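Visitor: I am new to this structure and would like to understand the words people use for it. Could you show it to me and take my questions one by one?

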Amino acid sequence: MRRLRQIIKQRKPFESLQQEVFLEVLRTGNAMVQDLVELLRPHGLTQPQYNVLRILRGAGPEGLPTGEVGERMVVSREPDVTRLLVRMEGLGLIERERRADNRRFVNARITREGLQVLKALDEPVRRMHARQLQHMSRPALETLAGLLEQVRREE
């Protein structure tokens, strides 16, 4: 019996190998994200807020249109990016402004405070990733990354 069946106390085999793989990926992703959630909690951040801060830091001082921020979100596509950004603006982590050339477009930029929060998190997040995956060799990690990309081939 495979370990997953033991963990979830399932006596009969999975309906298919695809179902088993789906559940393995789901459990693994959830465990990894939960580590991040616990790391962010003392900083008062949610995972989507952290994702937005990383996106805006990468965009540089010019920032990004809010719609593009939503498109770039990795883990959880936030259905209401505007509400998320308004909350983050209230926390002083980002600033938003309407573009002068088209008032319908709103641009978002990370603030100095947002940059400081990310700077404080950079090393702990690096250590978390190392801890989560330290038991795997580089070739195994490269294989895993390639396989996961194949799974998302329709993206």
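**A guided look at the terms**

Guide: Let us begin with a pair of side chains: Arg 138 forms a salt bridge with Glu 142, and their closest N and O atoms are 3.1 Å apart. Please keep in mind that this is a predicted model.

Visitor: Why is the pair of Arg 138 and Glu 142 called a salt bridge?

Guide: The cut-off is a side-chain nitrogen of Lys or Arg within 4 Å of a carboxyl oxygen of Asp or Glu. Arg 138 and Glu 142 have their closest N and O atoms 3.1 Å apart, so the pair meets the rule. In general, side chains of opposite charge can pair when their charged atoms come close.

Visitor: What separates Arg 138 and Glu 142 along helix H7?

Guide: They are 4 residues apart in H7, which spans residues 138–151, and so about one helical turn lies between them. An α-helix has 3.6 residues a turn, so residues three or four places apart point the same way.

Visitor: Why is Arg 138 called exposed, and what is Glu 142 called?

Guide: Exposed means over 50% relative accessible area. Arg 138 has 63%, so it counts as exposed. Glu 142 has 48%, which lies between the two cut-offs of 20% and 50%, so Glu 142 is partly exposed.

Visitor: Which side chain does Arg 126 meet in a salt bridge?

Guide: Arg 126 meets Glu 123, at 3.2 Å from N to O. These two are 3 residues apart in helix H6, so they are separated by about one helical turn. Arg 126 has a relative accessibility of 51% and therefore counts as exposed, while Glu 123, with 37%, is partly exposed.

Visitor: What makes Asp 122 buried?

Guide: Buried means under 20% relative accessible area. Asp 122 has 17%, so it counts as buried. Asp 122 is placed in H6, residues 112–133, and its side chain is joined to that of Arg 57 by a polar contact of 2.9 Å.

Visitor: How many salt bridges are there in total?

Guide: The count comes to 10. One of them joins the side chains of Arg 109 and Glu 97, at 2.2 Å from N to O. That pair links distant parts of the chain: Arg 109 is in strand S3 and Glu 97 is in strand S2, 12 residues apart. Arg 109 and Glu 97 also belong to a network of salt bridges with Glu 95.

Visitor: Are Arg 109 and Glu 97 buried or exposed?

Guide: Arg 109 counts as buried because its relative accessibility is 17%. Glu 97 has 37%, so it counts as partly exposed.

Visitor: Why is strand S3 called mostly covered?

Guide: S3, residues 106–110, has 5 of its 5 residues buried. Val 106, Ala 108 and Ile 110 point one way, Asn 107 and Arg 109 point the other way, and all are buried.

Visitor: How do you know that S3 pairs with S1 and with S2?

Guide: Two strands pair if there are at least two bridges between them. S1, residues 64–65, is joined to S3 by 2 bridges, so the rule is met. S2, residues 94–98, pairs with S3 over 5 bridges. Both pairings are antiparallel. Ala 108 in S3 takes part in each of them: Leu 64 stands opposite Ala 108, and Arg 96 has Ala 108 as its bridge partner.

Visitor: What makes the span of helix H3 agree with the expected one?

Guide: At 1.5 Å a residue, the 13 residues of H3, numbered 47–59, should span 18 Å, and the end C-alpha atoms are 18 Å apart, so the two agree. Just after H3, Gly 60 takes a positive phi of about 85°.

Visitor: Why is H3 called largely enclosed?

Guide: 10 of its 13 residues are buried, so H3 is largely enclosed by the rest of the structure. Among the buried ones are Tyr 50, Val 52, Leu 53, Ile 55 and Leu 56.

Visitor: How does the chain compare with a compact globule?

Guide: A compact globule of 155 residues would have a radius of gyration near 15 Å, but this chain has 19 Å. Its C-alpha atoms fill a box of roughly 60 × 30 × 30 Å along the principal axes. Buried residues make up 29% of the chain.

Methods
Residues are numbered from 1 along each chain as its sequence is written. This is a predicted model: local features need pLDDT of at least 70, side-chain atom pairs count only at pLDDT 80 or more; totals for chains, interfaces and linings use all residues. Side-chain values use heavy atoms; hydrogens and water are left out. Buried means under 20% relative accessible area, exposed over 50%, partly exposed in between (1.4 Å probe, protein chains only). A polar contact is a pair of N or O atoms within 3.5 Å; within protein, one must be able to donate a hydrogen and the other to accept it, and residues adjacent in sequence count only if both atoms are side-chain atoms. The expected span of a helix is 1.5 Å times one less than its number of residues. The radius of gyration is taken over C-alpha atoms; the globule rule is 2.2 Å times the number of residues to the power 0.38.
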